[in-house]
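Me: I'd like to get better at reading a model like this. Could you walk me through it, feature by feature?

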Amino acid sequence: MLNKIHVPPIKIQGIKTKLVSWIKENLEISEDTRWIEPFLGSGVVGFNLAKKNALFADINPHAINLYNRIKEKQINSVIVKQFLFKEGKLLSEKGQEHYNYVRDRFNEEKDPLDFLFLNRSCFNGMIRFNKDLKFNVPFGHKPERFAQAYITKITNQVKYLELSFSINNWIFKCQSYEETIKEAKKDDLIYCDPPYIGRHVDYYDSWDEKDEMKLFELLKNSGSKFILSTWDNNQYRKNEYLDTIWKDFNKLNKEHYYHIGAKEENRAPMIEALILNYKPKEKKVANLNSDKYKQLDIFTENFVKIAINT
Ligand SMILES: C[S@@+](CC[C@H](N)C(=O)[O-])C[C@H]1O[C@@H](n2cnc3c(N)ncnc32)[C@H](O)[C@@H]1O
């Protein structure tokens with residue numbers, strides 16, 4: 001179990017903050033292992049689990065730009081604090097009008113500080129771009145969003161990254177997963193969290209069967225250890241690819257609740273899966289090919305362990 005999960009300053013739909021400890025429990029990694037993460041998103045997984053060498057990449061340039069600017073010391077927690085204080089004051093005075101003004105400015109100038117401001121004041125902390133590559137998430141309707149405590153929280157999140165980026169050899173690239181996986185070497189560990197297939201919400205987040213097949217081929221032939229985060233099933237649907245292309249690998253399951261809006265009753269349960277091309281030490285995991293698995297695939301990790309042990 002990780003004592004504390006460090007949450008990065010960027011939010012994204014599908015963020016894996018709640019799954020970091022579970023992923024850590026199943027890692028096989030040494031101090032020298034290079035962490036390769038082709039679908040970085042917010043970075044919460046790799047920033048908590050990577051050792052001193054890492055390659056972090058994403059096709060969306062904006063979080064990558066922000067992280068590169070922090071790494072190069074062009075943006076730091078003091079700059080972030082001053083910026084959010086200034087823009088937050090204008091937001092509290094003008095509300096939606098100022099949010100729209102910053103969004104237009106960001107869509108013209110692509111400044112990472114504007115991206116941070118929008119990401120932390122937009123509806124549900126989403127990242128979504130239209131086909132013209134314009135950020136189009138509406139205002140979260142909280143003009144007082146950037147209260148002192150919230151600014152301090154974000155500033156501390158940036159401070160933690162400043163420290164991590166300065167003591168580690170972490171590289172950030174804006175590129176597609178194909179290029180990133182091709183850079184992996186035998187002793188690296190690749191952690192993949194691609195967009196969930198068929199749940200397309202964003203220009204940078206489209207994912208179809210062709211991508212899933214390509215990812216499968218690249219991971220299978222990479223020669224590296226890999227972990228794939230994906231979904232297994234919810235009350236309506238089942239991820240068919242787990243019974244087809246991913247079936248020869250090992251699988252772990254865990255139940256996870258996604259929040260849709262603020263109401264408690266809108267919590268949507270989802271069975272998450274980790275697909276691994278190795279068996280984590282001292283763990284019995286379901287092999288997707290076995291008959292036992294076929295009876296178990298809607299259960300949580302604990303059920304899988306109990307059933308396989310008996
Ligand atoms: C589910 S999110 C990753 C979330 C991340 N694990 C976290 O916890 O914050 C998927 C990410 O894949 C990126 N992505 C989508 N298509 C991609 C592609 N073809 N190559 C690289 N990254 C891609 C998206 O921009 C998004 O950031």
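Reply: Sure, and let's begin with confidence. pLDDT is the predictor's confidence in each residue, on a scale from 0 to 100. You need that here since this is a predicted model.

Me: What does the chain average in pLDDT, and where does pLDDT stay under 50?

Reply: The average is 88, and 85% of the residues score at least 70. The stretch to watch is residues 289–310, where pLDDT stays under 50. The model has 31 contacts beyond four places in sequence for that stretch.

Me: Okay, the overall fold next. How many helices and strands does the chain have?

Reply: There are 11 helices and eight strands. Of the chain's 310 residues, 35% count as buried. Take the contacts between residues at least 6 apart in sequence: 67% of them join residues at least 24 apart.

Me: How do I read a nonpolar core?

Reply: In soluble globular proteins, nonpolar side chains tend to be buried together. In this chain the largest nonpolar core has 65 residues, and Leu66, Ile190 and Cys192 touch the most other members. Helix H3 (residues 61–71) gives the largest share of this core, five residues.

Me: Why does this core lie between domain 1 and domain 2?

Reply: Because both give residues to it: domain 1 covers 17–59 + 175–309, and domain 2 covers 70–161.

Me: Which residues is leucine 66 in contact with, leaving aside its neighbours within four places in sequence?

Reply: Ile10, Ile75, Pro112, Phe115 and Leu116.

Me: And the ligand? How many residues surround it, and which are the closest?

Reply: 20 residues surround the ligand, the closest being Gly14, Lys16, Phe39, Gly41 and Ser42. By type, the shell divides into 11 nonpolar, five polar and four charged residues.

Me: What should I look for in backbone angles?

Reply: Most residues other than glycine have a negative phi. Lysine 110 has a positive phi, near 60°, and leucine 133 has one of about 65°. Lysine 110 is in the loop between helix H5 (96–109) and helix H6 (112–119), while leucine 133 is in the loop between H6 and helix H7 (148–167).

Me: Why does lysine 110 count as partly exposed?

Reply: Because 14 other C-beta atoms lie within 10 Å of its own, and partly exposed sits between the cut-offs of 12 or fewer for exposed and 20 or more for buried. Leucine 133, with 13 such atoms, is partly exposed too.

Me: One last loop: where is serine 206 found?

Reply: Between strand S4 (189–192) and helix H9 (209–221). Serine 206 is also partly exposed, with 13 C-beta neighbours inside 10 Å. From serine 206 to tyrosine 196 it's 10 residues in sequence and 8.8 Å in space, C-alpha to C-alpha.

How values were computed: Residues are numbered from 1 along each chain as its sequence is written. This is a predicted model: local features need pLDDT of at least 70, side-chain atom pairs count only at pLDDT 80 or more; totals for chains, interfaces and linings use all residues. A residue is near a molecule or strand if its C-beta atom, placed from the backbone, lies within 6 Å of it. Ala, Val, Leu, Ile, Met, Phe, Trp, Tyr, Cys and Pro count as nonpolar, Asp, Glu, Lys and Arg as charged, and the others, Gly among them, as polar. Helices (H or I, at least four residues) and strands (E, at least two) are DSSP runs, numbered from the N terminus. Two residues are in contact if their C-beta atoms, placed from the backbone, lie within 7 Å. A nonpolar core is a set of buried Ala, Val, Leu, Ile, Met, Phe, Trp, Tyr and Cys residues joined through C-beta atoms within 7 Å. Domain bounds come from an automatic or database domain assignment.
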